[in-house]
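Here is a relaxed walk through one model, from a residue flagged in a record to the packing inside. Have the coordinates open as you read.

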Amino acid sequence: MPNIVLTRIDNRLVHGQVATQWCGPIGANLILVANDEVAGNKLRQGLMDMAAPSYAAMRYWTIEKTISTIHKASDKQHIFIVCETPQDVLKLVEGGVPIKKVNIGNMHMADGKRQVAGSVAVDDDDVAAFAKLRDLGVELEIRRVPTEGAENIEKLFK
């Protein structure tokens, strides 16, 4: 079974906050960006590579490749999965990726979304995906950085 130390939803994917404040505390040595668009975008990959800590390997896989390949991971790989949306995380879980906990970090405000926490804005599709993840037994937490306390997850469902 793959050693997934954390899965995070962050619509910026890998940036300074993810690289410097999350990787060390969770013990990650592999950052896996599971995103269909980024998997084929060398420019965005290059920008994320610059933000990544030197001790962590980077992978940019489609959702489908993540589902079909992650079970081949070595026990020595401490995997930090980063996704852009709750819908992508739901696809991974439904595809058999053993995600037990999801950190909801940054989901920026956009048309049709409502702010539910400091750095989290959702629409009805997001709420439905979070509800399904919760029904599947996935623990959800809203937390921007590891040094802050988690916010009440019920905010998502109001």
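This is a predicted model. Gly96 makes a good starting point: with a relative accessible area of 37%, this glycine is partly exposed. Gly96 sits in the loop between H4 and S5, just after H4, and takes a positive phi of about 100°. If you want a sense of scale, pick Asp49 as a second point: Gly96 and Asp49 are 47 residues apart in sequence, and their C-alpha atoms are 27 Å apart in space.

**Helix H4 and what surrounds it**

Step back from that loop into the helix itself. H4 covers residues 86-94, and its buried residues are Pro86, Asp88, Val89, Leu90, Leu92 and Val93. What do these buried residues pack against? On the strand side, their partners include S1 (3-10), S2 (30-34), S4 (78-83) and S5 (101-106). The helices H3 (63-69) and H5 (124-135) are packed against as well.

**The cores**

Leu92 of H4 turns up again in the largest nonpolar core, which has 35 residues. Which members touch the most others there? They are Ile81, Leu92, Ile99, Ile104, Val120, Phe130 and Leu156. Take Ile81 as a close-up. Leaving aside neighbours within four places in sequence, Ile81 is in contact with Leu92 and Ile99, and its other contacts include Ile4, Leu6, Leu32, Ala34, Ile70 and Val97. Thr7 and Arg8 are also on the contact list of Ile81.

A second core of 17 residues lies apart from that one, and Leu13, Val14, Val18 and Val33 are among its members. Leu13 deserves a second look. Most residues other than glycine have a negative phi, yet phi of Leu13 is near 60°, a positive value. Leu13 is in the loop between S1 and H1, and is buried with a relative accessible area of 0%.

**The annotated histidine**

The loop between S1 and H1 (16-26) also holds His15. UniProt, in an unreviewed entry, lists His15 under "active site". Is His15 buried or exposed in this model? Buried, at a relative accessible area of 13%. Beyond its neighbours within four places in sequence, His15 is in contact with Asp10, Ala51 and Asn106.

**Cysteines without a bond**

How many disulfides does the structure hold? Zero. Cys23 shows why: the closest cysteine sulfur, in Cys83, is 14 Å from its own sulfur, too far for a bond. A disulfide would need the two sulfur atoms within 2.5 Å. Cys83 is likewise in no disulfide, its nearest cysteine sulfur being that of Cys23. Cys23 is buried, at 0% relative accessibility, and Cys83 is buried too, with a relative accessible area of 0%.

**Salt bridges**

Side chains of opposite charge can pair when their charged atoms come close. The count here comes to 13 salt bridges. Three of them are laid out below, with the N to O distance and the relative accessibility of each partner.

| Pair | N to O distance | Accessibility of each partner |
|---|---|---|
| Glu37 and Arg44 | 2.6 Å | Glu37 42%, Arg44 27% |
| Arg114 and Asp124 | 3.3 Å | Arg114 31%, Asp124 58% |
| Glu148 and Arg144 | 2.7 Å | Glu148 30%, Arg144 34% |

Salt bridges that share partners also join Lys101, Glu139, Glu141 and Arg143 into one network.

Now back to the middle row of the table, where the side chains of Arg114 and Asp124 meet. What does this pair tie together? Arg114 lies in strand S6 (residues 114-117) and Asp124 in helix H5, so the salt bridge links parts that are 10 residues apart in sequence. Arg114 is partly exposed, while Asp124 counts as exposed. In the first row, Glu37 counts as partly exposed, and Arg44 is partly exposed. In the last row, Glu148 counts as partly exposed, and Arg144 is partly exposed.

Methods. Residues numbered from 1 in each chain as written. Predicted model: local features only at pLDDT ≥ 70, side-chain atom pairs only at ≥ 80, totals over all residues. Heavy atoms only, no water. Buried < 20%, exposed > 50% of the residue type's maximum accessible area, 1.4 Å probe, protein only. Helix = DSSP H or I, 4+ residues; strand = E, 2+ residues; numbered from the N terminus. Contact = heavy atoms within 4.5 Å. UniProt positions renumbered as here; feature names shortened; annotations may be inferred. Salt bridge = Lys/Arg side-chain N within 4 Å of Asp/Glu carboxyl O. Core = buried A, V, L, I, M, F, W, Y, C linked by side-chain atoms within 4.5 Å.
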